[in-house]
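Got your viewer open and a selection box ready? Let's walk through a few stops, one selection at a time.

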Amino acid sequence: MKSRRELKNYQNEQHNFKLRLAVLGLLVLIAFSALTIRFYFLQIKRYDYYQTLAENNRISIVPITPNRGLISDRNGVVLAHNFFVYTLEITPSKVEDLDTTIAEIAKLVEISTVDMKRFNKQKDESHNFESIPLRTHLNEVEAAKFAVNRYRFPGVELKSRLFRHYPLGKLGSHMVGYIGRINDKDIENLDEADLLSNYKGSDHIGKSGIEQSYESVLHGTTGFQQVEIDADGRAVRVLSSQPPTSGNNLILSVDSKLQEIAETAFGEHRGALVAIKPSTGEVLAFVSMPTFDPNLFVDGIDFDNWNALNNSLDKPLINRPLRGIYPPGSTFKPFSALAGLEAGVRKPPFSIYDNGYFTLPNSTHRYRDWKPGGHGNVDMRRAITISCDTFFYGLAMELGIVRLTNFVRHFGFGQKSGVDISGEIAGLLPTPEWKMRRYKQPWYMGETVIAGIGQGYTLVTPMQLAQATAILANKGVAMRPRLVSAITNAKTGATSLTKPIVNEKIPLDEKNLEIVKLGMIDVTLPGGTAASVGINAGYSIAAKTGTAQVVGIKQNEKYNAKLIDERHRDHALFIAYAPAEEPKIALAVIVENGGHGGSAAGPIARKVMDYYLLGKLPAVEVPAESTIVTKPNEHAPVAPIKPIVNAPEEEHFD
Amino acid sequence: MFSKLLQGFFKHIDSFLISCLLFTMLVGLFVLYSASGHSFERVTSQLINIAVALVVMWLVANIQPQQLESIAVPAYILGVVLLIAVTLFGDVSHGARRWLNLGITKIQPSEMMRIAMPMMLAWFFAKRETSPRMTDFAIAALLLLIPVALIVKQPDLGTALLISASGFFVLFLAGLSWKFLLGGAVSIGAMMPFLWSMLHDYQRRRIEILIDPTQDPLGAGYHTIQATIALGSGGVTGKGWLNGTQAQLDFLPERTTDFIFAVFGEEFGMIGNLMLLLLFSLLIARGLVIAAQARSTFTRLLAGSITLTFFTYGFVNMGMVSGILPVVGVPLPFISYGGTSMVTLCLSFGILMSIQTHKKLVASG
């Protein structure tokens, strides 16, 4: 039987092989001929051209840095812009004796000790072939003086550079952020993103806040010039060029006047405030106190200023709205309340008789109410108004930790809000699984009980708290918070609005929302825990006060603010939205070591709302505290908690 | 007695190949000294690379081609496994995942594939009892595409290109039909506009820059612009050794590795370039002769592929430096600084020598 396939014919195969080998040999010949022709073209025909470029003049590609986009607030007030300044820069590798050179320069233009310190710090941090500014902001006279003597200083250059400037200084610095010199880590990141060639010629890059998170929008596209340079490296002739494209301008949703009022209202206190427009998620104010002057960072910060900022006990560099984490305390109660109502665990007209404490079945441990002796008859609405701990202990116990956390998670607790600044911390919403992972311990019922009043492990950022309040105000529709409301294309001038993003629509019963809202409105009316905040407001405020412990109080100990070191005093918390019927603003305020929420944080919130809703400026002199001030002491006797004021690392919270 | 010992020692070394190789390497050392800014350290380190590579070459030349044939499959499989390991656990450096950290040492499996690939395909076609049919070529193409895809993903375009070339040469020499070649070329050409329309703008931009680097003078184009100035200003006779201004004045990037040819061309001019082309042509010619004289299908295909791959190396590098080919990371064989490519190249020339000097055994056995 004959095979359908032909067996190899070795004679034939070898013949074919050699034929194909010859074809490839021809390919080699053609390819090498092509190279020869190319060599002829480059090295003989255009020899003169290249010879001139290489020998007499040298060609150089000079990048043209684009103008960085501007940042302004919702009313067009500029928060970050650029201007030209003369700088005197030294490339250490090109200077033989650095000290003598600087001493000689100092005879021409003033070099202060601050300049020297900054220069030395930057010299240590950069490569010696990089050009480092010695003096910035030279005036015309100084610039001219140096220009005349330029020949004496090889390796020293007078440059006209665009500088970033933040005209409002300390105002909103955590939000706007700042730019700083590009370091090795930045270069690595740019390289990875394939953006390095766009940063040739750029010295600065966004380091924090909006400046960092919108870097790609603000930076623009680098242009270039192909120039001939002479032996001294001076450009002689431009061969070709492509202009740069400026970065786009950003318009923030923040109102800088509102921001100023809020920051001023904090006075000497540390803390944070975030105000959000509930219907769109636009951030109206983003306060982190104390603040710092971002202009310090632009030229490269000097050691003294850096140490002062970095070592300050007040931690001004921490972005508190995003990275400060606090126990929510009683501001958590409206969310517990809604969880109980939605789950059907509490149905009006349910009420309890509060005799001042709560005990778990088969236990004698007393979970005390902040008010000794209790509040008597308390229903859901009143429980919110007077911040009744006992009511929420029972609610949490019946609801259970799983149902409680599963519900409030929808309001953004325990997760990042997704605001358009990076560095946000997720906070912590504890669950039995989390505790097992973190501490290898089972969950105790007592921990559920105190979780109901926002104590225990739960930790929130001011941004989260504001976002949760905004979601509550917006009847369960969660808008993603954002600071940038529009981007203006620098080239075309066209402005495009950023679209509001709906994170989630939580299905909620209108009746339940109403109960919580009424309870919260009563908070700012006589009898409520923040009655002083609502006086003569002219609009209705739905609010909740809160206090978060900094040091644990033992079962039989009494809290005495006067005897406690200022930094160990409680944090004051306050959340609110107004007008309650048709909310236009929702906010969260935290005053570190401020004591009670109603009296310390509430007035700040009131000033912000007054301005935003009525355009009313706060009175210069604050009138004496009004008469009807209830100063409840809202402490729950709690299991040991370790409140962490300023977050160290995210991993800490798992 | 001694001379006999020596003769025995060099029995499997092809004197023509080794003479051309050593001369090329010597030229390379001189260029490297100039390109590195008179660095003896660099030259010494390259000398060590050469020594190691020559030992490897001697060892391989002494191995019988049959033994090479028997390790073709395991070598290929090991290579693919290591490449997969790289994609899963490889170290990232300069944005590419190429290295595999074995604890003691780091290896780059794609380099191994440069030899294993043609060996595997040559083995595959040698095993066919009949003249290879379309299905055989399809299987061979698949064997080729798996490692190439893994290397493209790293991404290492230069190596992927060279390995594709080495595989293609085996396929071609094994008798891939002309009709198919023509049909393939035409259909790829016809597909181009369609593929182009499917790409994103930024992807198109990257391809445009790859083809015409002058569009991105701050990035990829900078190399090409400076390299053509270096070459062009070299003229007919060159500026002389150590006198290249472009090279000496830091204008040329990567001038000891991928762009060393620019230094060579600037300092030795057109005459130098032609001499280098001649040297490469001699090596290629000898390789083709060895392939033509080889006795078995395996050795024939392997020798042909190795020789043409060497050609591709040189052509792609010189073409990219002189600005007629896109910039892909391919070193100039035997001249560019670097141990890995030196060893891989010498290993492949060791195989050529083994094929040439073990002919009698193949014939009788």
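Start in chain A and select residues 585-591, which form strand 23. Keep in mind that this is a predicted model. Is this strand mostly covered or mostly open? It's mostly covered: seven of its seven residues count as buried.

Now show the side chains. In a regular strand, side chains alternate between the two faces of the sheet. On one side of strand 23 of chain A you'll find A:Ile585, A:Leu587, A:Val589 and A:Val591. Flip to the other side and you get A:Ala586, A:Ala588 and A:Ile590. Every one of these residues is buried, and both faces of the strand are covered.

Next, add the neighbours. Select residues 271-277 of chain A, and you have strand 11, which pairs with strand 23 of chain A in the antiparallel sense over six bridges. To find your place along that pairing, label A:Ile276, whose bridge partner in strand 23 of chain A is A:Ala586.

Then pick residues 571-578 of chain A. That's strand 22, also antiparallel to strand 23 of chain A, with seven bridges between the two. Here the handy label is A:Ala578, which stands opposite A:Ile585. Strands 22 and 23 of chain A make a hairpin, with six residues between them.

Time to hop over to chain B. Switch to cartoon and you should count 15 helices and three strands. Of its 365 residues, 47% are buried. If you like contact maps, take the chain B contacts between residues at least 6 apart in sequence: 71% of them join residues at least 24 apart.

Select residues 134-152 and 157-173 of chain B, helix 6 and helix 7. How do their axes cross? They come within 9 Å of each other, at roughly 170°, which makes the two helices of chain B roughly antiparallel. On the helix 6 side of the contact, look for B:Phe137, B:Leu144 and B:Ile151, among others; on the helix 7 side, the residues include B:Leu157, B:Ile163 and B:Leu171. The whole contact divides into eleven nonpolar residues, three polar and no charged.

Last stop: show both chains and select the interface. There, 42 residues of chain B are in contact with 41 residues of chain A. Helix 7 of chain B turns up again, along with helices 10, 11, 12 and 13 of chain B, as elements giving two or more residues to this side. Which one gives the largest share? Helix 12 of chain B does, with ten residues. Colour the chain B side by class and you'll see 21 nonpolar, 18 polar and three charged residues.

Key
Residues numbered from 1 in each chain as written. Chains lettered and ligands numbered in written order. Predicted model: local features only at pLDDT ≥ 70, side-chain atom pairs only at ≥ 80, totals over all residues. Helix = DSSP H or I, 4+ residues; strand = E, 2+ residues; numbered from the N terminus. Buried ≥ 20, exposed ≤ 12 C-beta atoms within 10 Å, placed from the backbone. Contact = placed C-beta atoms within 7 Å. Pairing = 2+ DSSP bridges. Axes fitted to C-alpha atoms, helices over the stretch in contact; angles between N-to-C directions. Parallel < 35°, antiparallel > 145°, perpendicular 65-115°, else oblique. Nonpolar A, V, L, I, M, F, W, Y, C, P; charged D, E, K, R; others polar.
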